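Reader: I've got a model open and I'd like to practise reading it feature by feature. Can you walk me through it?
Author: Sure, let's pull it up.

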Amino acid sequence: MVFFPSSLRAFAIRLRPGDDLKQSLQDMINTQNMPAAAIVTCVGSLTRASLRMANQRELTTQTGKFEIVSLTGTLSPSGLHLHLAISDKNGKTIGGHLANGNLIYTTAEIVAVELLDLSFARVQDQQTGFRELLISSRE
């Protein structure tokens with residue numbers, strides 16, 4: 001295990017009705033030229049939820065009114081790895097990997113941090129078979 005300390009710079013973002021949650025975060029990474037970032041907090045709501053559940057290839061997509069209970073993960077120019085938990089009108093909660101197509105209902109209020117001393121990349125990992133996080137120090 002290797003630890004990578006870093007200074008931080010925080011960003012507050014508010015997404016509006018109809019915005020795509022994942023695409024908006026990728027746009028933020030691209031327009032702000034952030035080599036490494038992470039989600040601190042997110043509250044809001046969705047009209048469409050699209051998640052990939054654990055060890056599944058197909059997406060689970062639902063329409064309705066959902067509260068965003070949690071959003072967490074890492075962001076890089078080479079890809080995002082985000083997990084989303086949502087609840088429906090009865091409080092039933094589901095979660096999984098955030099896919100494109102999660103559309104904002106009223107708002108998404110997000111705080112993200114850029115890790116100023118680090119760079120993230122997503123690279124193929126032979127052990128897991130997935131594109132995993134590679135952390136490096138910025139020079």
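Reader: Among contacts in the protein chain between residues at least 6 apart in sequence, what share join residues at least 24 apart?
Author: One thing up front: this is a predicted model. As for your question, 63% of those contacts link residues at least 24 apart.

Reader: And which elements make up the protein chain, in what order?
Author: Count first, then read along the chain. There is one helix and there are eight strands, and from the N terminus they run β-α-β-β-β-β-β-β-β. The radius of gyration is 15 Å, close to the 14 Å that the globule rule gives for 139 residues, so the chain is as compact as a globular protein of that length. Along the principal axes, the C-alpha atoms fill a box of roughly 50 × 35 × 25 Å. Of the 139 residues, 38% count as buried.

Reader: Where do I look for the largest nonpolar core, and which residues have the most contacts inside it?
Author: Start from the residues with the most contacts there: Leu21, Leu25, Leu71, Leu75 and Leu84, in a core of 26 residues. Then ask who contributes: β1 (8-15), α1 (21-31), β2, β3, β4 (79-87) and β6 (103-115) each give two or more residues, with β2 supplying the largest share, six. There's also a second, separate core of six residues, with Ala38, Val113, Leu115 and Leu118 among them.

Reader: What does Leu71 touch?
Author: Leaving out residues up to four places away in sequence, Leu71 touches Leu21, Leu25, Ile39, Cys42, Leu82, His83, Leu84 and Leu98.

Reader: Now the helix. Which residues of α1 are buried?
Author: Look for the side facing the rest of the chain. In α1, Leu21, Ser24, Leu25, Gln26, Met28 and Ile29 are buried, and their cover includes β1, β2, β3, β4, β5 and β6.

Reader: What caps the N-terminal end of α1?
Author: That's Asp20, with a side-chain oxygen 3.1 Å from the backbone nitrogen of Lys22. After the helix comes Asn33, with a positive phi near 50 degrees.

Reader: Why would a positive phi catch your eye?
Author: Because most residues other than glycine have a negative phi. Asn33 isn't a glycine, yet its phi is positive. Asn33 sits in the loop between α1 and β2 and is exposed, at 62% relative accessible area. Asn55 is another case, with phi near 60 degrees. Asn55 lies in the loop between β2 and β3 and is exposed too, at 72%.

Reader: Gln56 is in the loop between β2 (37-52) and β3 (59-76); how does its accessibility count?
Author: Gln56 has 39% relative accessibility, so it's partly exposed: the band between under 20% for buried and over 50% for exposed.

Reader: What about side-chain pairings: what joins His97 and His81?
Author: A polar contact of 3.4 Å between their side chains. His97 lies in strand β5 (residues 93-98). Beyond its neighbours within four places in sequence, His97 is in contact with Ser50, Leu51, Arg52, His81, Leu82 and His83.

Reader: How many aromatic pairs does a search of the whole structure find?
Author: Zero. Still, one ring is worth a look: Lys65 lies over the face of Tyr105, 4.9 Å from the ring centre.

Technical notes:
Residues numbered from 1 in each chain as written. Predicted model: local features only at pLDDT ≥ 70, side-chain atom pairs only at ≥ 80, totals over all residues. Heavy atoms only, no water. Helix = DSSP H or I, 4+ residues; strand = E, 2+ residues; numbered from the N terminus. Polar contact = N/O pair within 3.5 Å; in protein donor to acceptor, adjacent residues only side chain to side chain. Contact = heavy atoms within 4.5 Å. Phe/Tyr/Trp six-rings, centres within 6.5 Å; stacked < 30°, edge-to-face > 60°. Lys NZ or Arg CZ within 6 Å of the ring centre and 35° of its normal. Buried < 20%, exposed > 50% of the residue type's maximum accessible area, 1.4 Å probe, protein only. Core = buried A, V, L, I, M, F, W, Y, C linked by side-chain atoms within 4.5 Å. Rg over C-alpha atoms; globule rule 2.2 N^0.38 Å.
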